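Trainee: I would like a close look at a single part of this model. Please take it in short steps and explain each term as you go.

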Amino acid sequence: MSLDLFDAADCRTAIEIGPDALLLRGFASNTAPALLDALGHILAQAPFRHMVTPGGFRMSVAMTNCGALGWVSDETGYRYVPFDPQTGRAWPSLPAGFAQLARDAASQAGFDGFTPDACLINRYEPGTRLSLHQDRNERDFTQPIVSVSLGVSALFLFGGPRRADKTRRVELHHGDIAVWGGRSRLHYHGVLPIKPGHHAMLGEQRLNLTFRKAG
Ligand code: SIN
Ligand code: FE2
């Protein structure tokens with residue numbers, strides 16, 4: 001199903017990718033340059049790093065965080081922490097424009113009052129993938145996930161509540177925002193290996209910002 005929720009002039013549409021899950025095409029297109037500018041400052045304080053899974057594998061996606069809480073993985077498990085384990089300092093704060101964009105996107109998808117306290121920043125290079133997983137380290141599953149795509153396009157897999165459930169493939173382009181909550185909140189999702197490509201603002205890279213109410 002495809003709904004025309006936006007200004008026709010903007011050519012922005014919402015696509016249902018699951019129950020209570022929408023892809024908002026181009027929702028962040030206009031704010032992307034400002035997001036990337038702010039990201040430069042965040043990355044200077046909390047650089048990308050490859051975390052290790054509890055099983056001992058180095059993740060191919062490079063990650064960092066901003067906001068009161070940051071998602072980390074190491075040999076002892078996955079969790080949210082207020083300090084960057086690499087520097088011992090608080091994560092860079094969540095820029096007001098990031099929180100507003102996430103709030104607006106959530107509201108557009110039917111989740112009013114979303115107040116994220118965590119923004120996970122993922123960097124993908126050609127060949128990088130993210131295997132099927134659930135986002136379930138957050139306290140309150142009534143709060144949605146808001147995921148912003150920037151740079152090179154990706155194929156997103158969106159499945160069901162069980163790992164073995166059939167997945168739907170969705171193309172994610174620069175400026176797209178996926179929002180899932182409600183009945184889809186714990187649905188499995190992942191990213192297929194990124195195909196080599198080029199984006200005017202980000203070169204070979206794809207960045208993804210995942211906003212969550214974690215604490
Ligand atoms: C994630 O599930 O954490 C990120 C999804 C994406 O990169 O689109
Ligand atoms: Fe996820």
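Trainee: Between which two elements is the loop where His-50 lies? Then, for the close look, which residues are around ligand 1?

Mentor: His-50 lies in the loop between α1 (32–45) and β4 (62–66). Helices (H or I, at least four residues) and strands (E, at least two) are DSSP runs, numbered from the N terminus. His-50 is partly exposed, at 27% relative accessible area. Here buried means under 20% relative accessible area, exposed means over 50%, and partly exposed is in between (1.4 Å probe, protein chains only). His-50 and Val-61 are 11 residues apart in sequence, and their C-alpha atoms are 6.6 Å apart in space.

Some ground rules come next. This is a predicted model, where local features need pLDDT of at least 70, side-chain atom pairs count only at pLDDT 80 or more, and totals for chains, interfaces and linings use all residues. Residues are numbered from 1 along each chain as its sequence is written, chains are lettered from A and ligands numbered from 1 in the order in which they are written, and side-chain values use heavy atoms, with hydrogens and water left out.

Now the close look. The residues around ligand 1 are Asn-122, Tyr-124, Leu-130, His-133, Ser-147, Leu-172, His-189, Val-191, Arg-206, Asn-208, Thr-210 and Arg-212. To be near a molecule, a residue needs a heavy atom within 4 Å of it. This shell divides into 4 nonpolar, 6 polar and 2 charged residues. Ala, Val, Leu, Ile, Met, Phe, Trp, Tyr, Cys and Pro count as nonpolar; Asp, Glu, Lys and Arg count as charged; the others, Gly among them, count as polar.

Look at the contacts. Arg-206 has a polar side-chain atom 2.9 Å from an oxygen atom of ligand 1. For His-133, a polar side-chain atom lies 3.1 Å from an oxygen atom of ligand 1. In the side chain of Asn-208, an N or O atom is 3.3 Å from an oxygen atom of ligand 1. Taken alone, ligand 1 exposes 260 Å², and the protein buries 98% of that. Such areas come from the Shrake-Rupley method with a 1.4 Å probe; for residues, only the protein chains shown count as cover.

Which elements build the shell? Those giving two or more residues are β7 (118–124), β8 (130–133), β13 (189–191) and β14 (206–212). β14 gives the most, with 4 residues.

Follow the chain back from β13. Arg-185 is in the loop between β12 (177–180) and β13. At 2% relative accessibility, Arg-185 counts as buried. The side chain of Arg-185 makes a polar contact with the side chain of Glu-138, at 2.8 Å. A polar contact is a pair of N or O atoms within 3.5 Å; within protein, one must be able to donate a hydrogen and the other to accept it, and residues adjacent in sequence count only if both atoms are side-chain atoms. A polar atom of the Arg-185 side chain also lies 2.7 Å from the backbone oxygen of Asp-135.

Compare Lys-166, in the loop between β10 (154–158) and β11 (168–172). At 76% relative accessibility, Lys-166 counts as exposed.

Finally, return to β4. Thr-64 is in this strand. At 0% relative accessibility, Thr-64 counts as buried. The Thr-64 side chain reaches the backbone oxygen of Ala-46 at 2.8 Å.
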